[in-house]
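Reader: Please show me how to read the features of a model like this one. For each, give me the general idea and then the case at hand.

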Amino acid sequence: MKVAVAQALLNSHSYAKYRTIVSELLAQGKVSGHQQSEDLIHYTELNEARMNRLDKKMVIAEDNIQKLLQLKKQYTWLVLSEGWCGDAAQLLPIMNKMAAFSQHIDLKIVFRDEHELLMNQFLTNGNKAIPKLIVLDNTTEKVLGNWGARPKGATQLIKSYKQQYGVIDETAKKELQLWYLHDKGISTQNEIVELMLHCEQLNLQIK
């Protein structure tokens, strides 16, 4: 785990740099990750528009801001992502805005397919689901917790859809995007803040 984390931190990007890399690849008719296809290019284009909108309009709730400002220890949010991932497009802008409110959080993003060793440590039901947020203590680089790949409500929506129809199709993806639109990022904020308060409690107990 320590080696995988260290390698990822060495190859990590700021949110702005991550956005730039994805945009530059798209301009070349490419996407991030090992696979290339017209569908992935299409998804990445949609995600660029979503992230631009969320960067401008996403609001962090005041009570969540206050809780983030109460953090005392220093943390890194190490996030596994890819430019074509629809969930990442909805969630990374939230993480970025949350981290910006706290001097105790440093957001770093790595591409999943370039860090298989790390990804394999944080599978979701055996799958390489992203985005995956890993909370590290800055001093020790110890993993204190993780979150993702979706907030609970979105996870339940997809689970129920798959149980009913047996497949995750374009309709399911549209319903998921509508869920994100109506939720306005509140569930994600609340769940990540809850995780951080738990990590802070763990961290303060470590001698």
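Author: Let's begin with pairing: two strands pair if DSSP finds at least two bridges between them. The elements themselves are DSSP runs numbered from the N terminus, with helices being H or I of at least four residues and strands E of at least two. This is a predicted model, so local features need pLDDT of at least 70 and side-chain atom pairs pLDDT 80 or more, while totals for chains, interfaces and linings use all residues. Residues are numbered from 1 along each chain as its sequence is written, and side-chain values use heavy atoms, with hydrogens and water left out.

Reader: Which residue stands opposite K132 in β3?

Author: That's L80. The wider context is the antiparallel pairing of strand β1 (residues 75-81) with β3, over six bridges.

Reader: And in what sense do β3 and β4 pair?

Author: Antiparallel, over five bridges. To find the register, look at L133, whose bridge partner in β4 is W147. β3 and β4 form a hairpin with five residues between them, and E141 in that turn has a positive phi of about 60 degrees.

Reader: How many residues of strand β3 are buried?

Author: The term needs its cut-offs: buried is under 20% relative accessible area, exposed is over 50%, and partly exposed is in between (1.4 Å probe, protein chains only). In β3 (residues 132-137), six of the six residues are buried, so the strand is largely enclosed by the rest of the structure. Try following the side chains along β3: K132, I134 and L136 point one way, L133, V135 and D137 the other, and all are buried.

Reader: On to charges, then. How many salt bridges does a search of the whole structure find?

Author: Seven, counting a side-chain nitrogen of Lys or Arg within 4 Å of a carboxyl oxygen of Asp or Glu. Take E48 and R19, whose side chains meet at 3.6 Å, N to O. Here distant parts of the chain are linked, with E48 in helix α3 and R19 in helix α2, 29 residues apart. E48 and R19 are both buried.

Reader: What does D87 form a salt bridge with?

Author: R150, with the closest N and O atoms 3.0 Å apart. D87 sits in helix α5 and R150 in the loop between β4 (143-148) and α7, so the pair ties together parts that are 63 residues apart in sequence. D87 is buried, at 8% relative accessible area, whereas R150 is partly exposed at 27%.

Reader: How far apart in helix α8 do K173 and E170 lie?

Author: Three residues, about one turn of the helix. In their salt bridge the closest N and O atoms are 3.6 Å apart. K173 is partly exposed, with a relative accessible area of 34%, and E170 is partly exposed at 41%. Elsewhere, salt bridges that share partners join R19, E48 and D55 into one network.

Reader: Now the empty spaces. What volume does the largest pocket have?

Author: On a 1 Å grid over the protein atoms alone, a pocket is an open set of points with protein on both sides within 12 Å along at least five of seven lines; in a cavity a 1.4 Å probe fits but cannot get out, and lining residues have an atom within 4 Å of a point. Points join across faces, edges and corners, and the volume is the space filled by probe spheres set on them. For the largest pocket that gives about 1,200 Å³.

Reader: Which of its lining residues lie nearest its centre?

Author: D87, R150, I168, K173 and L176, out of 38. α3 (38-57), α5 (86-100), α7 (152-165) and α8 (170-183) each supply at least two lining residues, and α7 gives the largest share, seven. By class, the lining has 11 nonpolar, 15 polar and 12 charged residues (nonpolar: Ala, Val, Leu, Ile, Met, Phe, Trp, Tyr, Cys and Pro; charged: Asp, Glu, Lys and Arg; polar: the others, Gly among them).

Reader: What about the volume of the second largest pocket?

Author: About 240 Å³. Of its 14 lining residues, L54, M58, L181, K184 and G185 are the closest to its centre.

Reader: And how many cavities of 30 Å³ or more does the structure hold?

Author: One, with a volume of about 60 Å³. Of the 14 residues lining this largest cavity, Y18, V22, N47, M51 and G83 lie nearest its centre. α2 (15-27), α3 and α5 each give two or more residues to that lining, and the largest share, four residues, comes from α3.
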